[in-house]
Every structure is written in structure tokens, then in C-alpha cells.
Amino acid sequence: MARSKPSQQLSQAEIDRFVAAAEGLHKAIVKPFISPHCDHYRATRTLHEVLLNAVREVIGKEVEFIHWNTTGPVRPTVE
């Protein structure tokens, strides 16, 4: 049985599934209302940062669910 060569990038369908799964994980991470002084909060923020960086790297741009309110990452406005 011959092996096929792995692709160098995800297909658009795979990217769409990845983004949908990432959005679900994003919601699971940011939904709990826990104290920012606890270990669980710090651990989830670390995971969240890695998740957002991975999404940006895979799709090459920001996605809608990454936009937070003023308590999250703030990006300067481009004029």
C-alpha cells in the first residue's frame, strides 16, 4: 500500500473546522468568571494566548471571535 505525501497546508475545509473548534475552545476558556489571582485563571490565560497565536498563524489574520472588549487585548486603531 503506497503512502501519499502529506500536504504542506490545511485545506479550506480543514481551516474552517479548525477555526470552529478554536472558537469553541475560546468560549470555554473565557466564559468562567474566576478570580484573576488564582492559578486556574493564569493557566487559562496562558492557554488562551497560545490558542489565539495559533489561529492567527494558521489563517493569517484575526478572526471575529478574537475581538475582546476593553478588558482583553487592546490593539491601537489604525488611522
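**Two helices and the core between them**

Helix H2, residues 39-59, is part of what covers the buried residues of helix H1. The model is a predicted one, and the protein chain in it has 2 helices and 0 strands. The cover also runs the other way, since H1 is part of what covers the buried residues of H2. Of the 79 residues in the chain, 16% are buried. Among contacts with a separation of 6 or more, 42% join residues that are 24 or more positions apart. The accessible surface of the chain is about 6700 Å², and carbon and sulfur atoms account for 58% of that surface.

Helix H1 comes first in this account. H1 runs over residues 12-30, which makes 19 residues. At 1.5 Å a residue, a helix of this number of residues should span 27 Å, and the end C-alpha atoms of H1 are indeed 27 Å apart, so the expected and the computed spans agree. Which residues of H1 are buried? They are Ile15, Val19, Ala22, His26 and Ile29. Viewed down the axis of H1, these buried residues fall within an arc of 85 degrees, and therefore they line one face of the helix. The other side of H1 holds the exposed residues Arg17 and Ala21.

Two of the buried residues of H1 can be followed outward to their partners. Val19 sits in helix H1. Its relative accessibility is 18%, and because buried means under 20%, Val19 counts as buried. With neighbours up to four places away in sequence set aside, Val19 is in contact with Ile59, Val63 and Phe65. Val19 and Val58 lie 39 residues apart in sequence, while their C-alpha atoms are 9.1 Å apart in space. Ala22, with neighbours up to four places away left out in the same manner, touches Leu51, Val55 and Phe65.

Helix H2 can be read in the same manner. H2 has 21 residues, which at 1.5 Å a residue should span 30 Å; the end C-alpha atoms of H2 are 31 Å apart, and this agrees with the expected span. His48, Leu51, Leu52 and Val55 are the buried residues of H2. Seen down the axis of H2, those buried residues fall within an arc of 100 degrees, so they too line one face of their helix. The face turned away from the buried side of H2 carries Asp39, Glu49, Val50 and Glu57, which are exposed. After H2 comes Gly60, which has a positive phi, near 80 degrees.

The buried residues can now be put together. What makes up the largest nonpolar core? This core has 10 residues in all: Ile15, Val19, Ala22, Ile29, Leu51, Leu52, Val55, Val63, Phe65 and Ile66. H1 and H2 are the elements that give two or more residues to the core. The largest share, 4 residues, comes from H1. Val63 and Phe65 are members of this core, and these two residues also appear among the contacts of Val19. Ala22 touches three other core members, Leu51, Val55 and Phe65.

Charged side chains are the last topic. Side chains of opposite charge can pair when their charged atoms come close. How many salt bridges does a search of the whole structure find? The search finds 3 salt bridges. In one of them, the side chains of Lys27 and Glu23 meet at 3.5 Å, N to O. Lys27 and Glu23 are 4 residues apart in helix H1, so about one helical turn separates them. Lys27 is partly exposed, with a relative accessible area of 49%, and Glu23 is also partly exposed, at 29% relative accessibility.

Another salt bridge joins the side chains of Asp39 and Arg42, at 2.4 Å, N to O. Asp39 and Arg42 are 3 residues apart in helix H2, which means a separation of about one helical turn. Asp39 has a relative accessible area of 58% and is exposed, whereas Arg42, at 42% relative accessibility, counts as partly exposed. A further salt bridge is formed by the side chains of Arg56 and Glu62, at 2.6 Å, N to O. Arg56 is partly exposed at 25% relative accessibility, and Glu62 is partly exposed at 28%.

Definitions and conventions. Residues numbered from 1 in each chain as written. Predicted model: local features only at pLDDT ≥ 70, side-chain atom pairs only at ≥ 80, totals over all residues. Heavy atoms only, no water. Expected span 1.5 Å × (residues − 1). Buried < 20%, exposed > 50% of the residue type's maximum accessible area, 1.4 Å probe, protein only. Arc of directions from axis to C-beta. Contact = heavy atoms within 4.5 Å. Areas by Shrake-Rupley, 256 points an atom, 1.4 Å probe, with all protein chains shown as cover. Salt bridge = Lys/Arg side-chain N within 4 Å of Asp/Glu carboxyl O. Core = buried A, V, L, I, M, F, W, Y, C linked by side-chain atoms within 4.5 Å.
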